Amino acid sequence: MRIVIAGGHGQIALRLERLLAARGNNEVAGIIRKAEQGDDLREAGAEPVLLDLESASVEEVAAHLQGADAAVFAAGAGPGSGVARKDTVDKGAAVLFADAAVRAGVRRHVVVSSMGADAKHEGDDVFDVYQRAKGEADDHVRGLDALDWTILRPGALTNDAGTGLVRLEARTGRGPVTRDDVAAVVAELLETPATAGLTLELVGGSTPVSVAVKAVAGN
């Protein structure tokens, strides 16, 4: 498969790029904002694509998605960003990327969202705005009939070594999960088209990743 990842230099995306490239039968591209990030992507086995999702048009993004088999939205404004970038990245870029996938005819679409994302989330703190922005973006993606979408909502992210053991369900309750395991789940979701149309929560657990994904796919 050819897979294009938005937020290609993010912590989950770099892990995902390594996993996908290591499988040997994938062509992986990662969208980045800064040219100096390119070497990290090449080292991970991915082709860097220089594009700013905060200023690009749908047509520009769609041009980079042409010929792809799947798209993954793993971009984020980051914990140090303010309210404005929650709107332009966590919501705006996610909406733009999904619309561009529709324009380019790329049906398979996986979104790395956030546990608790909710368009009706109340509050004015930065994290409240973030949860609302992610929820609004998820709602937009779920409204696009031209996409075979899966929305993944991980719990609290950690940099601990992945265990390969997770809990993946429509509702898991809050809990931590390693970025390694999030990347592993995304890679498995891409290989499992029967997970299209599902919004899933993810935390650490006791079920091997491949088994957990097959279970939610109904296999």
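Which residues in H1 meet which residues in H6? The first legend answers this for the predicted model, and the others turn to further helix pairs and a pocket.

**View 1. Contact of helices H1 and H6 in the predicted model.** From H1, the residues that meet H6 are Gln11, Ile12, Arg15, Leu16, Leu19 and Leu20. Their partners in H6 are Arg179, Asp180, Val182, Ala183, Ala184, Val186, Ala187 and Leu190. By class, this contact of H1 with H6 has ten nonpolar, one polar and three charged residues. The two axes come within 8 Å and cross at roughly 50°, so H1 and H6 are oblique to each other. The crossing in which H1 passes H6 is right-handed.

**View 2. Contact of helices H6 and H7.** H6 spans residues 179-190 and H7 spans residues 209-217. Their axes cross at roughly 50° and come within 9 Å of each other. H6 is therefore oblique to H7. H6 passes H7 in a crossing that is right-handed. On the H6 side the contact is formed by Ala184, Val185, Glu188 and Leu189. On the H7 side Val209, Ser210, Val213 and Lys214 take part. Sorted by class, the residues of this contact are five nonpolar, one polar and two charged. Ala184 appears in this view and also among the H6 residues that meet H1.

**View 3. Contact of helices H3 and H4.** H3 covers residues 58-65, and its axis comes within 8 Å of the axis of H4. The crossing angle is roughly 60°, which means that H3 and H4 are oblique to each other. H3 passes H4 with a right-handed crossing. Val58, Glu59, Val61, Ala62 and Leu65 are the residues that H3 brings to the contact. H4 meets them with Leu96, Phe97, Asp99, Ala100, Ala101, Arg103 and Ala104. The contact of H3 with H4 contains nine nonpolar and three charged residues, and no polar ones.

**View 4. The largest pocket and its lining.** The volume of the largest pocket is about 1100 Å³. Its lining consists of 41 residues, and those nearest the pocket centre are Ala74, Ala75, Gly76, Ala77 and Gly78. By class, the lining divides into 20 nonpolar, eleven polar and ten charged residues.

**View 5. Helices and strands in the lining of the largest pocket.** Three helices, H1 (11-22), H4 (83-104) and H5 (126-142), each give at least two residues to the lining. Strands S2 (27-32) and S7 (156-158) also supply at least two residues each. H4 contributes the largest share of the lining, five residues. H4 thus appears both in this lining and in the contact with H3. H1 likewise helps to line the largest pocket and meets H6.

Key: Residues numbered from 1 in each chain as written. Predicted model: local features only at pLDDT ≥ 70, side-chain atom pairs only at ≥ 80, totals over all residues. Heavy atoms only, no water. Axes fitted to C-alpha atoms, helices over the stretch in contact; angles between N-to-C directions. Helix = DSSP H or I, 4+ residues; strand = E, 2+ residues; numbered from the N terminus. Parallel < 35°, antiparallel > 145°, perpendicular 65-115°, else oblique. Left-handed = near helix turned anticlockwise from the far one by under 90°. Contact = heavy atoms within 4.5 Å. Nonpolar A, V, L, I, M, F, W, Y, C, P; charged D, E, K, R; others polar. 1 Å grid on protein atoms, 1.4 Å probe; cavity = no way out; pocket = protein on both sides within 12 Å on 5 of 7 lines; lining within 4 Å. Points joined across faces, edges and corners; volume = space filled by probe spheres on them.
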